Amino acid sequence: MAEFVTLETSEDHPGVGTIALNRPPMNALNRQLQTELVAAAQEASMRDDIKAVVVYGGPKVLAAGADIKEMNDMTFAEMNKVAGKLQDGLGAIAAIPKPTVAAITGYALGGGLEVALGADRRIAGDNAKLGVPEVLLGVIPGGGGTQRLARLVGPAKAKDMIFTGRFVGAEEALAIGLVDEVVAPDEVYNAALRWAGQFANAASVALAAGKAAVDRGLDVDLTTGLAIEAQLFAALFATDDRRIGMESFVENGPGKAKFTGK
């Protein structure tokens, strides 16, 4: 049984799974937690009863970074062997083929922000502090931060955050597109559940295709991206949900289809 990461569902929010980080006091992301995070993400990906995912670190902090004590005595040769696993662990949320949202309370720093960057949406409390302060330790973000941050806010803003290591408040994070919504701190988790909950009865195969089209398309040129889109679009015509959705539209108008997720 996992010690620091759980995947939970609730009858009050059907279809939504919560990946909860729990390593007090600051959810430092050691290797065990990273391994458990990968396992939870894989389980959430496979479970048919989970249609969308919230990642949450509790009411006080998402995560304040990787476990520096664990890294302190590592040599280049040792880190070179595990750097890929670090990216896999901190980027585990990005691999979930379902809508995902990070509920950010308090600090999301270093590896904590890298976990949040893997989500499709980020909701932060108005007291949240976000940043990639690795340069203050003589390193750079190594869990996907340099790549996902630049794709999200643009290279100039990403470089400013990476070069200075400064903390970004919630309002600035909203202004630059680092987060998508700012709410009161005690409303963060509920807001994330509401966003995720709207997909409980959605056409989940189509959602996965839409997510894949955007994510894969960002890594290639426009022509290749359009080819990816065309392939994913055509493949949906092999699904029950496509038949159900179009038949329902023709017979009853939009928004009334009852999808099966197949």
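This text goes through a predicted model, from the whole chain down to single strand pairings.

The protein chain contains 11 helices and 10 strands. Its C-alpha trace extends over about 65 × 45 × 35 Å along the principal axes. For 262 residues, a compact globule would be expected to have a radius of gyration near 18 Å, and the value for the protein chain is 19 Å, so the two agree.

The packing can be described by burial and by contacts. Of the 262 residues in the protein chain, 44% are buried, where buried means a relative accessible area under 20%. Among contacts with a separation of 6 or more, 68% are between residues 24 or more positions apart.

The surface comes next. About 13700 Å² of the protein chain is exposed, and carbon and sulfur atoms contribute 57% of that area. The side chains include 25 positive and 32 negative ones, and the centres of these two sets are 2 Å apart.

Strand β7, residues 121-125, is a useful place to look in detail. This strand is mostly covered, with 4 of its 5 residues buried. β7 pairs with strand β5, residues 100-104, through 4 bridges, and the two run parallel. To find this pairing in the model, look at isoleucine 104, whose bridge partner in β7 is alanine 124. β7 also pairs with strand β10, residues 181-183, again in the parallel sense, over 3 bridges. Here isoleucine 123 stands opposite glutamate 181 of β10. Strands of a sheet pair through backbone hydrogen bonds, in either a parallel or an antiparallel manner. In a regular strand, the side chains alternate between the two faces of the sheet.

Another group of strands can be followed separately. An open sheet is formed by 4 strands in the order β4-β6-β8-β9, with mixed pairing. The edges of this sheet are β4 (61-63) and β9 (168-169); each has a single partner strand, and therefore one side of each has no neighbour in the sheet. At the β4 edge, the partner is strand β6, residues 107-109, which runs parallel to β4 and is joined to it by 2 bridges. Within this pair, alanine 63 has alanine 108 of β6 as its bridge partner.

Technical notes
Residues numbered from 1 in each chain as written. Predicted model: local features only at pLDDT ≥ 70, side-chain atom pairs only at ≥ 80, totals over all residues. Heavy atoms only, no water. Rg over C-alpha atoms; globule rule 2.2 N^0.38 Å. Buried < 20%, exposed > 50% of the residue type's maximum accessible area, 1.4 Å probe, protein only. Contact = heavy atoms within 4.5 Å. Areas by Shrake-Rupley, 256 points an atom, 1.4 Å probe, with all protein chains shown as cover. Lys, Arg positive; Asp, Glu negative; His and termini not counted. Charge placed at Lys NZ, Arg CZ, Asp CG, Glu CD. Pairing = 2+ DSSP bridges.
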